[in-house]
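Q: Please take a close look at a single residue and its contacts, and then set it within its surroundings. How should the word "contact" be understood here?

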Amino acid sequence: MPYVGTRSTWLLLVPHKPKPTELDGNIELFCIKEGTVRRTYVWTALLLVLALVMAACGGTSGTTETTAAPNTTAAPGTTAASGTTAAPSGEMKTLKIGFTTSITGKYNTESTRQDNGLQLWMDDVNAAGGITLSDGTVLKFEAVSYDDESNKDRVQELYTKLATDDDADFLISPYSSGLTAASAVIAEQYGKVMITTGAASDSVYTQGYTGVYQVYTPSSRYLTSSVDLLGSLDPSAKKIAFVYENSNFSTGVAEAAKAYAESNGYEVVLYEGYDPDTQDFSAFINKIEASGPDAILGGGHFQDGSAFARQLYEKKIPVKFVSLLVAPPEPSFSELGDAAVGVAGPSQWEPLVKFTEDAAMAAGADWIGLTGDEFVAEYQAAYGEEPSYHAAGGYAAGLLLQYAIQKADSTDADAIKAALDATNLMTFFGDLKFDTSPDHHGLQIGHDMVVVQWQKADGGLQKQIVWPESGATAAPLYPLGQ
Amino acid sequence: MNLDVLIASAVDGLLIGFVYGVAAMGLTLIFGVMDVINLAHGPLIAIGMFGVYEIFTYVGMNPYLALIIVAVVGLAVGVLVYFVAVHRVIDAPPLSSLLSTFSVNMMIIGVGTAILTTSAYNVDFSLPSLDTGPITVTGTRLAAALIAVGVTALLYAFLYRTRSGKYIRAVANNRQAAELMGIPSTRILALAFGIGTMLAMTAGGLIATILPINILAGGTYELKSFVIVVLGGLGNPLGALVGGLILGLIEGLVPVFMKTTWVPVLEFGLFILILLVMPQGLFGRKES
Amino acid sequence: MKRFTGLLLSVLAVIVLAVIPLISGKASTREAMFTILMAIALASSLNMLLGYTGYVSFGHIVFFGVGGYAGFYTLTVLGWNLWLSMLVGGATAALLAYLLGKSILRLRGAYFALATIGVNEAMRALVNNMDFLGGPIGMTMKFSVYNEYGGAANALWLVYWVLSGIALLVVIVSYLVKRSKFGLGLMAIREDEDAAEVMGVRAPSAKTWSYVLSAVFPGLIGMLFFFKNGNIEPGDAFRLHLSIELIVMVMLGGFGTVLGPVLGAGVYQQLRKLLLTSPVFKNIQLAVAGVLLLLIILFIPTGAVGWLRRRFPRLRRVLE
């Protein structure tokens, strides 16, 4: 068979046999008068430059109208005036919320749900007649969004476009900590308030930003509750294996959880990351088995987490407790069937979690928006699926913004920052409160995560809340029977 | 570390290695016959995965039967891709075919993401596991390995026992001479591309029975296929199978001794080393 | 002056693109041009290897990543300033290219292309395991670092002008190489390496230096890009997909020409952005881009500049 290494075809990049004139511009085989050449080249130069300029300008100016994603109901009749200056009383204003979603690439699923949740909030607030400020100004919202392709190449370009060309009044973060880190630079630079959702890493909030606020519980607190749960279930279980995805977010989670576990007297028998593209965990699982842990904590994202859970089950690993990131709270985790039974995981929000206005009052916090049941019903009606916590996070980001605007009674960025700094809010998503110290400004300190576990019920699978005890909907399944 | 772990890891690695091998065979066959590095390899594997998933989930057919349908469709898809994207650039410099297959990659991923999103899907199918003392071999993994061996045997029977197979080898050996002998080279090239695609999609289907899948998952196996193909010698299908086994073993055994994240470093390091030291691969180039 | 007519168009194009933000005065234009100029500089660098020497480097982005990491390390951990860090980035990339040149450039054709993919993947996996580089988490930079460069707004403009300068430099170097004896040697290697050696071209060293030359600029740009982003992660630094996109840009415009990569990169990035932000195509922009790419490969295989040169021979003096 042919062996291309010795063939010359690879070296021949020009498909036709090159003529001498092409190889060496110095050899002038064409007898054209100087004048002709000069004219031709002046014309070509002009044309090419013109084309380039048109390509450049045409592209930027021609696409600014890409607003209004399918579900937005930009109320007709509102004057689409934007800007942050105070308006005379009674005026209608449409505020633009700018963000990118990952329509393509690896974050597509989570990002789309986040976007759906945000759109739902926008529909709700607009349908309710918008926000009315004390001076009579009625505020409505519209979305401006672009595809970030799940990678960093254009995040800054798109956020700059959102902040300047599109003149977005507020920004929402992209999905994932990495993309958020890049967009935060831009938000901060233009003094825009950016609510981050789907970005759990702590590191973004140690960079010294003043206008970036986190909705999610930060990654340092993701798995600590699972450790607490294990402690309450079985004080004799002391060996933990940490197996986590080697990515920004999961490594951060694992590092914090490991430190927490060790300080609570646990023995970490295995602490190891796996490559983000890992699909086959068999080698890993053999290693886990050899280290003989009582509990396995870790995981990463949906794909690898569900693969890991399935292979743990198939290999019949005798372990008492498994808690994984991101994957278990997803409704589609139940596709794993029996392999899902008993697998626990931290969740930012669950349909079963009940936060109410009364609870808010009792806790001395403000309350805004709908209840969890209403959110689930609305989401199901709009998108035909059960909402995941990413969707809830998107909605909550919108609510938070709405709250801050109402509280500040203004659309001025500084007033809103002040309102956000002072936030003590409860929503269907849970508590929201921010760290205001300069070192961790914007870090979420109010919101707590719950731990869910898949259990068998009525012949099917059901996701139950097993921690904290006060909010539990079922007793934890422990130890796992294998 | 004990012997049980070692054996268990080796067995797991070898079993998945067979499947890697089938995927890599598809890549190496196409390369051997027409000097095209098929950059749409990964997405084609992904189509195979979803073929089995969709048939199993919506028709309810046994995934191994679905595999047959996927293989036949694979042949057709391959021939189609050949005529759309490859045929016109088959005699152009190789960069052209790299880019034309890459454009097919973009199309498949683009449409695939729009329809399927990048979510993970699961073929909810399992076979009883095999328990022999310390080692637990999952049924689906064993079945996949057996089928992979069968596919390899069929491929060789085809290449050596049938007229079309002999034509393919002749074209691979020397296309111009083959044309002079009256072999319809275009048809044979299309057929070879079809079979390469069939192998890729079959491998994808097998993976779907073992592991969760998503539309981007093929990319991982594409990279693995590159490594395997170089290990086994470019253009050598049997070498690809053995290369697959070696890669599987590395993936199985290395984590026993060091952190798993070092596996890709070793894999690609080995890959570069083999290219430098013995570019013909561990088993040399197949003499037709 | 006549000697430089071929350069004029490319330089003019880069300058025009670079000053557009100055005219509009808008930051969003600057960001859009940043993306384009970065692509132009990267594609033109790649062209010095791919187009002139004929070696298809599939993992060229490894130099971008390595430069970014080296520079980011000196900036954030050692506290050096941006300019020094940038030079460190470029030097590290050049050193890597030199070492690689001594080894993998012996391979030809498909083997070299595959090896470069291997190098990129190995490097990414390696960085993932390097704790002093932050491993999988990568490294982040405090927002206050921008204050040393006149605040974030100023810093981003500064980065932009430096990038424009680099893009201009790449184009000029690319032209000078092409017209030099060194460049002729490279092109001889491209056409037939064995024959070139017989004719007295020292192929191994010529190839290595063209590799080094094509690696320096991505190293510099890598540092600039990640400084601008404020953080660096292995996945972003060694993204194989970007490598392939660069080849596409070079092919679109016409490989082996000076103007080709400039044109190809500009048009490609503009097209992608148009598709990305277009309400009609944004859901299937990737597939549409694929179809367009295929059409170009099938029907204009030598790229825009190659096609123009062949179609209008008298343009050859201008379209270098």
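A: Two residues are in contact, or touch, if their C-beta atoms, placed from the backbone, lie within 7 Å. The model is a predicted one, in which local features need pLDDT of at least 70, side-chain atom pairs count only at pLDDT 80 or more, and totals for chains, interfaces and linings use all residues. Residues are numbered from 1 along each chain as its sequence is written, while chains are lettered from A and ligands numbered from 1 in the order in which they are written.

The residue chosen is Gly112(B). Leaving aside residues up to four places away in sequence, Gly112(B) touches Ala46(B) and Ile215(B). The second of these partners, Ile215(B), is 103 residues from Gly112(B) in sequence, yet their C-alpha atoms are 6.4 Å apart in space. Gly112(B) is buried, because 22 other C-beta atoms lie within 10 Å; a residue counts as buried at 20 or more such atoms, as exposed at 12 or fewer, and as partly exposed in between. Gly112(B) is placed in helix 4 of chain B, where helices (H or I, at least four residues) and strands (E, at least two) are DSSP runs numbered from the N terminus.

Helix 4 of chain B leads on to the contact between chains. This contact takes 35 residues from chain B and 34 residues from chain C. On the side of chain B that touches chain C, helix 4 (94-116), helix 9 (218-232) and helix 11 (262-277) of chain B each supply at least two residues. Helix 4 of chain B provides the largest share of that side, 15 residues. Sorted by class, the side of chain B that touches chain C has 27 nonpolar, seven polar and one charged residues; here Ala, Val, Leu, Ile, Met, Phe, Trp, Tyr, Cys and Pro count as nonpolar, Asp, Glu, Lys and Arg as charged, and the others, Gly among them, as polar.

Chains B and C also appear in the largest nonpolar core. This core has 361 residues, and those with the most contacts inside it are Val19(B), Ala192(B), Leu37(C) and Ile221(C). A nonpolar core is a set of buried Ala, Val, Leu, Ile, Met, Phe, Trp, Tyr and Cys residues joined through C-beta atoms within 7 Å. Helix 1 (residues 3-34) of chain B gives the most to this core, with 18 residues. Domain 1 (92-217 + 353-440) and domain 2 (221-347 + 449-471) of chain A both give residues to the core, so it lies between them; domain bounds come from an automatic or database domain assignment. As for Ala192(B), its partners are Leu29(B), Ile30(B), Val33(B), Met34(B) and Ile168(B), again without residues up to four places away in sequence.

A residue of chain C may be set beside Gly112(B). Phe238(C) lies in the loop between helix 10 (234-237) and helix 11 (240-253) of chain C. Phe238(C) is buried, with 27 other C-beta atoms within 10 Å. Residues up to four places away in sequence not being counted, Phe238(C) touches Ile61(C), Val62(C), Gly65(C), Asn120(C), Met123(C) and Arg124(C). The C-alpha atoms of Phe238(C) and Val145(C), which are 93 residues apart along the chain, are separated by 24 Å.

Chain A, whose two domains share in the core, has 13 helices and 16 strands. Of the 482 residues in chain A, 56% are buried. Taken over C-alpha atoms, the centres of domain 1 and domain 2 of chain A are separated by 29 Å. Their contact takes eleven residues from domain 1 of chain A and 14 residues from domain 2 of chain A. By class, the side of domain 1 of chain A that touches domain 2 of chain A has three nonpolar, six polar and two charged residues.

Chain A also holds an open sheet of six strands, in the order 2-3-1-4-5-6 and with mixed pairing; two strands pair if DSSP finds at least two bridges between them. Strand 2 (131-132) and strand 6 (212-214) of chain A stand at the edges with a single partner strand each, so one side of each is left without a neighbour in the sheet. Strand 1 (residues 92-101) and strand 3 (residues 138-147) of chain A pair in the parallel sense over ten bridges. Within strand 3 of chain A, Ser145(A) stands opposite Phe99(A).
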